[in-house]
Amino acid sequence: MSRAPGLEKTSHLQGTNTNLDEAVKFLQEYDLEASETCLRVTSAQWAYSTNMTDLNKRRMVEAQTHRARFDKVTWARAAAFDWTKLHDGKVRRQLRMLTTNTRACLSDEKYNEIYHLISEMKDTYAHVRICPFRRSDVDESLYCDLELDPDVQRIMAQSRDNMELTHVWRQWHDKVGPQLKNKFMRYVDLANQAARVNGFSDAGEEMRYMYEDPNFENEVAESFQKLLPLYKQLLTYVRRKLLQRYGSSIIRPDGPLPAHILGNLWAQEWSNIADIVLPYPEYRDFDVSDEMLHQGFTPLRMFQMAEEFFTSIGLKPMPPEFWRHSMLERPNGRKAQCTASAWDFCNKVDFRIKQCTEVNMENLVTIHHEMAHVEYYMYYADQPYLYRDGANPGFHEGIANSITLSVLNPIHLRLVGLFNNNTELYETNINFLLIMALKKVAYAPFAYLVDQWRYQIFESGVRKMNSEWWDLRLRLQGVVPPVPRSESHFDAAAKRHIPADIPYIRYYVALLLEFQIHEAMCDAAGYNGPLHVCDVYRSREAGRLLTDVLKVGKARHWKDVLKMLTNGNSNRLSADAMLDYFEPLMAWLKDQNKNERIIGWTTYKEDTALFQPLVYGSANRHLTSHSVVIFVMIVKWIL
Ligand SMILES: *[C@@H]1O[C@H](CO)[C@@H](O)[C@H](O)[C@H]1NC(C)=O
Ligand SMILES: *[C@@H]1O[C@H](CO)[C@@H](O)[C@H](O)[C@H]1NC(C)=O
Ligand SMILES: [Zn+2]
């Protein structure tokens with residue numbers, strides 16, 4: 001079964017106007033109006049995010065509502081054309097973009113309904129509070145007021161107490177999912193209706209269509225298969241360390257990992273348990289935060305340092321508006337939303353970063369990341385509005401993160417005077433690569449599976465949403481819930497992107513691109529050594545290659561952009577660069593795991609029973625093909 005659509009669809013609702021001049025004129029008007037609307041919404045969002053008053057929130061909602069109406073009108077105007085019959089490729093593509101991946105094709109009533117459903121789900125998610133763990137009945141902490149950020153995330157990152165972690169994990173999942181379930185099911189229904197009007201079989205097919213490539217799913221699946229051996233080695237090593245720490249009552253020596261002890265609420269990246277798994281703790285890790293404090297760094301100086309990185313490779317400095325309007329520190333006397341982000345005001349001059357900067361290494365790396373987004377905004381500013389975007393939905397994050405691969409490596413930190421230890425030591429390198437793997441390799445299956453689940457729900461319905469979620473997590477990620485789950489739960493919703501209607505496969509694509517772009521820039525810089533210590537700082541050649549990509553924005557197909565990036569070698573998304581980067585770690589892990597019976601995980605019925613309880617007397621009907629395989633394996637061992 002192939003879910004990938006061809007690009008030239010014929011079944012969707014479309015108009016009859018084939019007048020090219022009229023189409024060009026419409027697109028010119030659209031370009032102006034969309035840029036103005038974007039400026040208006042972005043300004044209102046900025047005002048609220050940096051100054052969270054009721055008034056500012058009201059204004060933001062007004063601006064967003066205005067945009068929703070604008071999108072509706074735009075869709076109607078664009079859909080009046082029959083773009084399949086227009087001979088100008090650029091016009092055709094822009095009209096196609098305006099009439100797909102939108103719910104504006106629904107009736108006013110349904111369009112409003114799905115719009116409000118999503119707002120309500122986001123609101124509900126934002127207001128979830130959970131109760132702290134009570135060690136005993138006399139415990140004082142009675143207030144159930146823990147927020148996701150920072151309380152819940154901090155406990156999941158720092159606690160090493162199985163009971164507390166289980167409690168917090170369960171509270172979060174139990175309080176988020178069930179109250180969102182009905183709304184989400186209605187949302188699935190409406191999103192599918194919109195997709196069908198647009199000519200797709202379901203909303204998942206429409207989501208994949210954003211990549212404008214019929215082979216997209218295969219390419220992504222192939223790369224995932226290539227990453228799995230590395231992931232399994234990492235998991236096996238981490239499992240042994242966790243076993244030593246927590247004991248065999250909560251983790252099996254050949255089993256999947258319980259989701260609550262990996263240092264992250266969603267078990268999506270594991271760097272918070274570096275203290276448990278770091279191979280050579282006696283070799284100081286590379287957190288240069290103390291050195292930064294020692295040298296008297298300020299937030300402003302950190303931003304200047306990041307800017308100097310970009311100008312050193314020949315990219316633009318931040319414009320005066322950036323320095324005048326950005327929010328670089330937590331403001332005094334007003335409430336602000338502190339998640340770091342980069343902003344494009346859609347008027348070609350105003351670009352900003354919002355960050356409550358603290359002087360530490362993590363923030364320094366984040367600044368480079370956000371500033372890379374701003375560079376992208378500045379370089380594609382002269383493109384039409386629809387092309388002022390990443391070449392595909394993964395490019396923005398891919399580029400931003402590829403810059404950080406240069407910045408956070410020990411060689412670079414040494415060059416800028418922040419790291420004083422020997423960078424050549426084998427132990428130092430393995431420590432570094434292991435920490436990177438906890439962030440990046442551990443993330444791959446999660447980033448891949450979130451939308452596999454969503455596609456499945458859009459395609460086959462909402463009847464078994466929770467067991468399908470855990471089935472994917474067990475099969476692809478090797479992770480199980482710490483406590484039994486049922487269909488009354490809705491655990492996928494514990495991740496905000498699900499209720500908030502934000503596609504997720506882009507993060508997987510970005511992960512691959514991050515390493516592909518890093519490798520390409522290192523090649524351009526004439527670098528030949530191991531990829532994990534390549535630093536493109538001061539390389540004009542690397543900078544030239546990057547600006548070629550940035551300038552294009554979305555104006556060309558991302559396959560062409562990838563081809564440009566790889567010097568004509570390939571236009572494929574690929575795991576090869578990432579595997580290359582981690583090659584020294586792979587060799588080390590294989591050696592560490594050489595006495596392990598199972599690399600990866602085996603699945604017993606006790607694992608699947610956590611989310612697919614077997615019904616007495618009809619057990620066979622409920623056996624998945626997966627558990628049959630395992631069952632056969634167990635029988636073999638007994639024999
Ligand atoms: C914050 O927003 C309010 C309007 O709600 C405004 O009166 C106030 O001046 C703003 N504060 C700052 C520092 O911009
Ligand atoms: C990607 O490259 C392959 C082989 O070089 C080519 O056949 C294909 O048309 C290219 N795809 C795009 C979208 O450019
Ligand atoms: Zn980013």
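**Figure 1. The shell around ligand 1 divides into one nonpolar, three polar and one charged residue.** Everything in these close-ups comes from a predicted model. In this view, the residues that surround ligand 1 are Asn51, Thr53, Leu55, Asn56 and Arg334. Try sorting them yourself: Leu55 is the nonpolar one, because leucine counts as nonpolar, and Arg334 is the charged one. That leaves Asn51, Thr53 and Asn56 as the polar members of the group.

**Figure 2. Zooming in on the polar side chains beside ligand 1.** Start with Asn51, where an N or O atom of the side chain sits 2.3 Å from an oxygen atom of ligand 1. Next comes Thr53, with a polar side-chain atom 2.7 Å from an oxygen of the ligand. For Asn56, the matching distance between a polar side-chain atom and a ligand 1 oxygen is 3.2 Å. How much of ligand 1 does the protein bury? On its own, the ligand exposes 360 Å², and the protein buries 43% of that.

**Figure 3. Ligand 2 and the residues around it.** Here you'll find Lys559, Asp560, Lys563 and Asn571 surrounding ligand 2. Sorted by class, this shell holds three charged residues, one polar residue and no nonpolar ones. The polar one is Asn571, because asparagine is not on the nonpolar or charged lists. Look for the side chain of Asn571: one of its N or O atoms is 2.3 Å from an oxygen atom of ligand 2. Taken alone, ligand 2 exposes 360 Å², of which the protein buries 35%.

**Figure 4. Three residues that share a "binding site" annotation.** According to an unreviewed UniProt entry, this annotation covers His369, His373 and Glu397. They are spread over 29 residues of sequence, yet they cluster in space, with a largest C-alpha distance of 8.4 Å. Two helices to find in this view are α13, residues 361-379, which holds His373, and α14, residues 395-407, which holds Glu397.

**Figure 5. A closer look at His373 and Glu397.** Is His373 buried or exposed? His373 has a relative accessibility of 6%, so it counts as buried, the cut-off being under 20%. Glu397 comes in at 26%, so it is partly exposed. Leaving out neighbours within four places in sequence, His373 is in contact with Ala342, His396, Glu397 and Ala400. With the same kind of neighbours left out, Glu397 touches His369, His373, Tyr507 and Ala510. So if you trace the contacts of Glu397, you land on both of the annotated histidines, because His369 and His373 are on its list.

**Figure 6. Glu370, one of the residues annotated as "active site".** The unreviewed UniProt entry gives this label to Glu370 and His497. Glu370 is part of helix α13, the helix where you also met His373. Its relative accessible area is 8%, so Glu370 is buried. Setting aside residues within four places in sequence, Glu370 is in contact with Ala340, Ser341, Ala342, Ile353 and Gln355. Ala342 may look familiar: it also turned up among the contacts of His373.

**Figure 7. His497, on a loop.** Where does His497 sit? Look in the loop between β4 (479-480) and α19 (505-524). Although it is on a loop, His497 counts as buried, at 15% relative accessibility. Beyond its neighbours within four places in sequence, the contacts of His497 are Arg454, Ile502, Pro503, Tyr504 and Tyr507. Tyr507 is worth a second look, as Glu397 touches it too.

Note on methods:
Residues are numbered from 1 along each chain as its sequence is written. Chains are lettered from A and ligands numbered from 1 in the order in which they are written. This is a predicted model: local features need pLDDT of at least 70, side-chain atom pairs count only at pLDDT 80 or more; totals for chains, interfaces and linings use all residues. Side-chain values use heavy atoms; hydrogens and water are left out. UniProt positions are given in the numbering used here, feature names are shortened, and annotations may be inferred rather than shown by experiment. Helices (H or I, at least four residues) and strands (E, at least two) are DSSP runs, numbered from the N terminus. Buried means under 20% relative accessible area, exposed over 50%, partly exposed in between (1.4 Å probe, protein chains only). Contact means heavy atoms within 4.5 Å. A residue is near a molecule or strand if one of its heavy atoms lies within 4 Å of it. A polar contact is a pair of N or O atoms within 3.5 Å; within protein, one must be able to donate a hydrogen and the other to accept it, and residues adjacent in sequence count only if both atoms are side-chain atoms. Accessible areas come from the Shrake-Rupley method with a 1.4 Å probe; for residues, only the protein chains shown count as cover.
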